[in-house]
Amino acid sequence: MSNAANVRVEGVSKTYEVRAGDDVKALDRVDLDIAPGSFVAIVGPSGCGKSTLLSLLAGLTPVSSGRLRIDGDEVVKPHPKAGVVFQSDLLLPWRSIIDNVLLPIEIKGLDRAASASRARELLAQVGLQGFDNKFPFELSGGMRQRVAICRALIQEPGLLLMDEPFGALDALTREQMIMDLQTMWLRLRNTVLFITHGIDEAVFLADRVIVMSPRPGRVDLDLTIDIPRPRRWSGIHENPAFQHHVRQVREMFEAKGVLVAH
Ligand SMILES: Nc1ncnc2c1ncn2[C@@H]1O[C@H](COP(=O)(O)OP(=O)(O)OP(=O)(O)O)[C@@H](O)[C@H]1O
């Protein structure tokens, strides 16, 4: 995608002021420079500030200090180039599938009719042709999450921010979605920031895996994953490069006491 965005995180800290004297420091001076068109996964223990980082980049929460930039623009509100997918699909139950996908177009006051065929095309690409006029309650969890991804893609985001998008799915559906996401990204080549608890899905999908420390989150490890693409999930666990990178992440978690070695 020619509009793939560059992301810069410059010394970003975030403290939530819950009540006086009881502040929560979620992120501590995080620096990241994400090249346009790269797929970056962020893994880290629960509560280390992964979702916070994504929410800051989405322009939904202000930083406490430091600076975030998307294509050079300081992020102070949702950036027009960024699309977001959360763990829960957040579809509107009273709108049909196609109307859910077209929601961002309506919000931006763009021409709905002009985008309807693109919406159908996106739905077809994720195996949902013919579902346009169904409603969210008629779809499975995996199908709904595909719709949420289409809704983010309708704006052709140069930056796709994904917060544990497959966390709520069963193992088989998750596997299929991981493969589908790779296929989609190989076609679009936009910049993806993908947050996950799954070390295997991070190493499988990403060009770069960022490992964060326990709270307050900092960057502990920045790994380049150079396994050729397209990668195949079946058999990946026997791939020596894959095993090596998974081990590197696990060893960092063990060193930080996040995982206990047996
Ligand atoms: N709106 C908020 N107000 C106060 N504290 C918050 C808020 N959002 C997050 N926190 C706190 O900030 C810390 C980081 O939370 P965050 O959700 O970013 O972590 P995470 O790494 O995404 O966790 P998980 O992997 O469990 O989803 C946690 O201690 C959390 O309780």
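In this predicted model, helix 5 (141–153) is a convenient place to start. Its 13 residues should span 18 Å at 1.5 Å a residue, and the end C-alpha atoms are indeed 18 Å apart, so the length agrees with expectation. Of those 13 residues, 12 are buried, and helix 5 is therefore largely enclosed by the rest of the structure. The buried residues are Gly142, Met143, Arg144, Gln145, Arg146, Val147, Ala148, Ile149, Cys150, Arg151, Ala152 and Leu153. The cover over them includes strand 6 (82–85), helix 2 (97–101), helix 3 (103–107) and helix 4 (112–125), together with strand 7 and helix 6.

Beyond helix 5, the loop that leads on to strand 7 holds Glu156. This residue is not a glycine, yet its phi is positive, near 45°. With 14 other C-beta atoms within 10 Å, Glu156 is partly exposed, a count that falls between the limits of 12 or fewer for exposed and 20 or more for buried.

Helix 6, one of the elements that cover helix 5, comprises 18 residues, 171–188. From its first C-alpha to its last, helix 6 reaches 26 Å, close to the 26 Å expected at 1.5 Å a residue. Its buried residues are Ile178, Leu181 and Trp185. These three lie on the same side of helix 6 because they cover an arc of only 65° around the axis. The spacing fits a general rule: an α-helix has 3.6 residues a turn, so residues three or four places apart point the same way. Leu172, Leu186 and Arg187 are exposed, and they sit on the face of helix 6 turned away from the buried side. Among the elements covering the buried residues of helix 6 are strand 3 (39–43), strand 8 (191–196) and helix 7 (199–205). After helix 6 comes Arg189, with a positive phi near 55°.

The wider layout of the chain puts these helices in context. The chain is divided into domain 1, made of 1–81 and 159–262, and domain 2, made of 86–156. Their C-alpha centres lie 24 Å apart. Where the two domains touch, domain 1 supplies 11 residues and domain 2 supplies nine. On the domain 1 side, strand 7 (159–163) and helix 6 are the elements that give two or more residues. Helix 6 makes the largest contribution to that side, with three residues. By class, the domain 1 side of the contact has five nonpolar, three polar and three charged residues.

Attention can now turn to the ligand. It is surrounded by 13 residues, the closest being Tyr16, Ser46, Lys50, Ser51 and Thr52. Two elements give two or more residues to this shell, strand 2 (24–34) and helix 1 (50–57). The largest share, three residues, comes from helix 1. Sorted by class, the shell has six polar, five nonpolar and two charged residues.

Both of these elements hold a residue worth a closer look. In strand 2, Arg29 has a positive phi of about 45° although it is not a glycine. Arg29 is partly exposed, with 15 other C-beta atoms within 10 Å. In helix 1, Leu56 has 23 C-beta neighbours inside 10 Å and so counts as buried, the threshold being 20 or more. Leaving aside residues up to four places away in sequence, Leu56 touches Val12, Lys14, Thr61, Val63 and Leu68. Leu56 and Val211 are 155 residues apart along the chain, and their C-alpha atoms are separated by 18 Å.

Two cis peptide bonds complete the picture. One runs from Arg215 to Pro216, with omega near -5°, and Pro216 lies in the loop between strand 9 (208–212) and strand 10 (219–224). The bond from Arg229 to Pro230 is also cis, again with omega near -5°. Pro230 is placed in the loop between strand 10 and helix 8 (240–255).

Note on methods: Residues are numbered from 1 along each chain as its sequence is written. This is a predicted model: local features need pLDDT of at least 70, side-chain atom pairs count only at pLDDT 80 or more; totals for chains, interfaces and linings use all residues. A residue is near a molecule or strand if its C-beta atom, placed from the backbone, lies within 6 Å of it. Helices (H or I, at least four residues) and strands (E, at least two) are DSSP runs, numbered from the N terminus. Ala, Val, Leu, Ile, Met, Phe, Trp, Tyr, Cys and Pro count as nonpolar, Asp, Glu, Lys and Arg as charged, and the others, Gly among them, as polar. The expected span of a helix is 1.5 Å times one less than its number of residues. The arc is that of the directions from the helix axis to the C-beta atoms. Two residues are in contact if their C-beta atoms, placed from the backbone, lie within 7 Å. Domain bounds come from an automatic or database domain assignment.
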